[in-house]
Each structure stands twice: as structure tokens, then as C-alpha cells.
Amino acid sequence: MGAERSPIQRFKIKRPLEIVYTEFGGAVPYRPAEDLAFSVARFIQKGGSYVNYYMYHGGTNFGRTSGGPFIATSYDYDAPLDEFGLLRQPKWGHLKDLHRAIKLCEPALVSVEPIVMSLGPKQEAHVFQSKQGTCAAFLANYDTEYFAKVWFRNMHYNLPPWSISILPDCKNTVYNTARVGAQSSQMKMTPVSANGFSWEAYTEDGGAFDGSAFSTVGLLEQINITRDVSDYLWYMTDVYIDPNEEFLKTGQYPVLKVLSAGHALHVFVNGKLSGVLPKSTVTCYHCLSG
């Protein structure tokens, strides 16, 4: 006889966590408050007991700690509390109302496992009925387009599309994930006087060598190498051309093509600068002609 699995084991997510950063010029992450509330309520109605929001409070990665090239400093993800510490309404208020409704169901939720009842082709009820008489119900409509009128315990309930209604006493609806009662708000950025800020500028010679050069294989983690004292980390590689190479005799010179995530490329031929390009893909014709 095998050991019984704990609730944590039964509902543990087995897929890896995928983190997507916000890129400059890219789409800003957004998830409607209604859909987020629906997912949380569905997890609770199936017996879940612990919810982790990623993110609940946004933040800002300053300077070179944003995570990589072309990554914005904002680490907000449309969180209920934005990176400035302000309430993002109606999401924050809608989730607050959700957890208030779940808290009202607590006596029944912690007492028994839910009983699932069909209320229609795409509707069902999860009922928590304890021996002490406490009762809580979650009425779900999984149809993404149409309202549903369901019959539950001798009463009719109207369920919006893709929504869950919470009944802490198995009778009265105190919350529906698709009905947002929280006040909406929109943040407005107001310019402030430049006199309130002090600006500093730094000039750094990117081509200087101070004897700290070393050899390695592969790319390095920039901040660890530069100790965050420089914006520059230069990679250099040499290609030796034998004087007896056939193309030197025929004049059909090869092409040097560089694929790089760097911000600039300097090409030298025989010690002389042949070209400088600030692009990520560089094609240099006749670069190896000497």
C-alpha cells in the first residue's frame, strides 16, 4: 500500500518557472484583474491553500542591474502595487475583495475536501460542507463567451462568462471574479522642476588598456569582471593569415562575418583600423586582404 500524497504534492506545479524581461520598445506585460482573480479562485476551489503572486509589488532594477542588454529597468509586470509603491486599480482592490471573500470561507475550506457538482455543460460547483455545519461554495462558469443561469440548492445564480462566484454560506454571493467593484484609476506622470535633482556626468575612455587584459574561452559575466566600475568590457580575437593562402594569389578574398550581442565592433587589418560598426550583425568584405 503506497503512502498517501500530501495536498502540497498533489497540487505542486511541475513545469519550470519562465521569466520574461521587459525589453525597450517591447510589449509591456499586462493581465486583466478579472482573469487573475479567476485563476486564484479556481485554485482555491480545487483545494489549493497557498497563492504566490509574481509580481505582487513591482520594482526597479537601477543602472546595470536590469538583467541584460536592451532590458528595461522596470520590473513591474502589471503588479497590483506598481514599482513606485502605488496602488494599481482596479487590480489591487479586486484582489483585496477576492481574498476577503476567501477568508469568509475559511472555516469550511480547512475542514473538508470539496465535492464537485455539475451545473451544466461548462458549469460546475465546488462545495465545502463540514460536519460542523459550515458550508462554502464556488460556482464556476468556464464558458468564455456566454452567461450561464445555474440552479444550485433551490436557487438561481447568473454567472458571467469565464467567472467564479463565491458563496461563503452556500447561499449568498459575496464575490464574482468577473464583476469588478473596485474603483479604477490611471496614473499620470507630472513633470517636476529640474532644480530638485542633481545630475552627474562621467567620461570614460573605452579604448584604454591598463594591463588588466587576460585570455579566456567564451563570454564572461560583465559586472563580475568589471566590478561595476566600468561600462566597457572589450573582447579581442586575432586571425592569422598564412602568406601562402590560395585567395591571396587569386584575389578572391574571404568575407569576415561577425554575429555578436555587443554594442560595437572595431576591425583592424595589418594593425590598421578597417571599420567601426555599432551593429549586432557585421559583414566585412575584403577585411582579410593583407
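In this predicted model, Asn176 belongs to strand 9, which spans residues 175-176. Asn176 has a relative accessible area of 4% and is therefore buried, the cut-off being under 20%. Its side chain forms polar contacts with two serine side chains: one with Ser163 at 3.3 Å, and one with Ser165 at 2.7 Å. When residues up to four places away in sequence are not counted, Asn176 touches His94, Pro160, Ser163, Ile164 and Ser165. His94 also takes part in the meeting of helix 2 with helix 3, to which the report now turns.

**Helix 2 and helix 3**

Two packed helices are described by the angle between their axes and the distance between the axes. The axes of helix 2 (residues 33-45) and helix 3 (residues 91-104) come within 9 Å and cross at roughly 20°. Helix 2 is therefore roughly parallel to helix 3, angles under 35 degrees being counted in that way. The crossing of the two helices is right-handed. On the side of helix 2, the residues involved are Ala33, Glu34, Leu36, Ala37, Val40, Ala41 and Ile44; helix 3 contributes Lys91, His94, Leu95, Leu98, His99 and Ile102. By class, this contact comprises 9 nonpolar, 2 polar and 2 charged residues.

Lys91, one of the helix 3 residues in that contact, has a relative accessibility of 6% and so counts as buried. The side chain of Lys91 makes a polar contact of 2.5 Å with the side chain of Asp78. Apart from neighbours within four places in sequence, Lys91 is in contact with Arg31, Pro32, Ala33, Leu36, Asp78, Ala79 and Pro80.

**Tyr53 and the loop after helix 2**

Tyr53 is placed in the loop between helix 2 and strand 1 (59-60). With a relative accessibility of 16%, Tyr53 counts as buried because the value is under 20%. Setting aside neighbours within four places in sequence, Tyr53 is in contact with Leu36, Val40, Leu95 and His99. Leu36 and Val40 are in helix 2, while Leu95 and His99 are in helix 3, and these four residues are among those through which the two helices meet. The side chains of Tyr53 and His99 are joined by a polar contact of 2.8 Å. Tyr53 and Ala79 lie 26 residues apart in sequence, with a C-alpha to C-alpha separation of 8.6 Å; Ala79 is also one of the residues in contact with Lys91.

The side-chain polar contacts described above are collected here.

| Side chain | Partner side chain | Polar contact |
|---|---|---|
| Asn176 | Ser163 | 3.3 Å |
| Asn176 | Ser165 | 2.7 Å |
| Lys91 | Asp78 | 2.5 Å |
| Tyr53 | His99 | 2.8 Å |

**Backbone features**

A cis peptide bond with omega of about 0° joins Tyr54 and Met55, and Met55 is located in the loop between helix 2 and strand 1. Another cis peptide bond links Gln89 and Pro90, with omega of about 10°; Pro90 is in the loop between strand 2 (74-75) and helix 3.

Positive phi values occur in the loop between strand 6 (148-152) and strand 7 (155-159), where Arg153 is found. Phi of Arg153 is near 50°, although the residue is not a glycine. Asn154, in the loop between strand 6 and strand 7, is likewise not a glycine and has a positive phi of about 65°. Arg153 is partly exposed at 43% relative accessibility, whereas Asn154 is exposed, with a relative accessible area of 64%.

**The chain as a whole**

The chain contains 6 helices and 13 strands. Of its 290 residues, 28% count as buried. Among contacts between residues at least 6 apart in sequence, 48% join residues at least 24 apart.

Notes
Residues numbered from 1 in each chain as written. Predicted model: local features only at pLDDT ≥ 70, side-chain atom pairs only at ≥ 80, totals over all residues. Heavy atoms only, no water. Buried < 20%, exposed > 50% of the residue type's maximum accessible area, 1.4 Å probe, protein only. Polar contact = N/O pair within 3.5 Å; in protein donor to acceptor, adjacent residues only side chain to side chain. Contact = heavy atoms within 4.5 Å. Axes fitted to C-alpha atoms, helices over the stretch in contact; angles between N-to-C directions. Parallel < 35°, antiparallel > 145°, perpendicular 65-115°, else oblique. Left-handed = near helix turned anticlockwise from the far one by under 90°. Nonpolar A, V, L, I, M, F, W, Y, C, P; charged D, E, K, R; others polar.
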